[in-house]
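New to this one? Here is a quick briefing, grouped by topic, to read with the model open beside you.

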Amino acid sequence: MSTVRRSAGLLLFRIVAGDDGLPDAEVLIGHMGGPFWARRETAAWSVPKGEYGPDEEPAAAARREFEEEFGLPVPDGAWVPLGETRQSGGKTVSVWAVEAWLDPDRAVPGTFTMEWPRGSGELREFPEMDRFAWCTPDDALTRLVAAQRVFVERLRTYVREGRVPSEA
């Protein structure tokens, strides 16, 4: 019997004026660390998130993972549920948005260890996320891995219409 892999994360946002004059939301996302993602930009960024087990609440996991990946506490603010989506590898991801500002240059990302180069027997440490950036929604839609782009669209609906979309 296989278990469903679940992940939870937080997407910080700040309200800005969109190109069309409507309110929009810049988002803070991170570039995935490690050698696989090193030379990629398109679809190589992610919402700060991580896996959790059956004994942990998704919101608690989102807070823990944000703090691990940024190395900073979650800023104060109301959590807006953006629902969940399923990534291509089968993992179900739940995300909340928080309107807050954080300086990406202050981040002290957590690390992971893996054998690199593969088959060498040498273990190396890499940052979970190697850089962070505030992005316009359109830029985020290009940078984020495909399955997570829906969270930016849902956040845009929330910011422009004052409601969380029903699909969330």
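What volume does the largest pocket have? It comes to about 290 Å³. Keep in mind that this is a predicted model. After the pocket, we'll go through the nonpolar cores, the salt bridges and a couple of backbone oddities.

**The largest pocket**

- Sixteen is the number to remember for the lining: of those 16 residues, Met 32, Trp 37, Lys 49, Glu 69 and Glu 128 are the closest to the pocket's centre.
- Strand S4 (residues 49-52) supplies the largest share of the lining, with three residues.
- Sorted by class, the lining is a mix of five nonpolar, six polar and five charged residues.

**The nonpolar cores**

- The largest nonpolar core has 25 residues, and the ones touching the most other members are Leu 11, Ile 29, Leu 82 and Leu 155.
- Two or more residues of this core come from each of S1, S2, strand S5 (79-86), strand S6 (92-99), strand S9 (129-135), helix H2 (137-143) and helix H3 (149-161).
- Leu 155 is a good one to click on: neighbours within four places in sequence aside, Leu 155 is in contact with Leu 11, Phe 13, Ala 25, Val 27, Leu 82 and Ala 97.
- There is also a second, separate core of 19 residues, and among its members are Leu 10, Leu 12, Ala 61 and Leu 102.

**Salt bridges**

- Side chains with opposite charges can pair up when their charged atoms come close.
- How many salt bridges does the model have? The count is 14.
- One of them joins Arg 14 and Glu 26, whose closest N and O atoms are 2.7 Å apart.
- Arg 14 sits in strand S1 (residues 6-17) and Glu 26 in strand S2 (residues 23-32), so this pair ties together parts that are twelve residues apart in sequence.
- Is Glu 26 buried or exposed? Glu 26 has 17% relative accessibility, so it counts as buried, while Arg 14 is partly exposed, with a relative accessible area of 26%.
- Arg 64 has two partners to look at: Glu 56, with the closest N and O atoms 2.8 Å apart, and Glu 65, where that distance is 2.5 Å.
- Arg 64 is partly exposed at 27% relative accessible area, and Glu 56 also counts as partly exposed, at 23% relative accessibility.
- Glu 65, on the other hand, is buried, with a relative accessible area of 7%.
- Elsewhere, Asp 20, Asp 24, Asp 138, Arg 156 and Arg 160 are joined into one network by salt bridges that share partners.

**Backbone oddities**

- Which peptide bond is cis? The bond from Trp 116 to Pro 117 is, with omega near -5 degrees.
- You'll find Pro 117 in the loop between strand S7 (111-115) and strand S8 (123-127).
- Ala 43 is worth a look too: although it is not a glycine, Ala 43 has a positive phi of about 55 degrees.
- Ala 43 lies in the loop between S2 and strand S3 (45-46), and at 27% relative accessibility Ala 43 counts as partly exposed.

Notes. Residues numbered from 1 in each chain as written. Predicted model: local features only at pLDDT ≥ 70, side-chain atom pairs only at ≥ 80, totals over all residues. Heavy atoms only, no water. 1 Å grid on protein atoms, 1.4 Å probe; cavity = no way out; pocket = protein on both sides within 12 Å on 5 of 7 lines; lining within 4 Å. Points joined across faces, edges and corners; volume = space filled by probe spheres on them. Helix = DSSP H or I, 4+ residues; strand = E, 2+ residues; numbered from the N terminus. Nonpolar A, V, L, I, M, F, W, Y, C, P; charged D, E, K, R; others polar. Salt bridge = Lys/Arg side-chain N within 4 Å of Asp/Glu carboxyl O. Buried < 20%, exposed > 50% of the residue type's maximum accessible area, 1.4 Å probe, protein only. Core = buried A, V, L, I, M, F, W, Y, C linked by side-chain atoms within 4.5 Å. Contact = heavy atoms within 4.5 Å.
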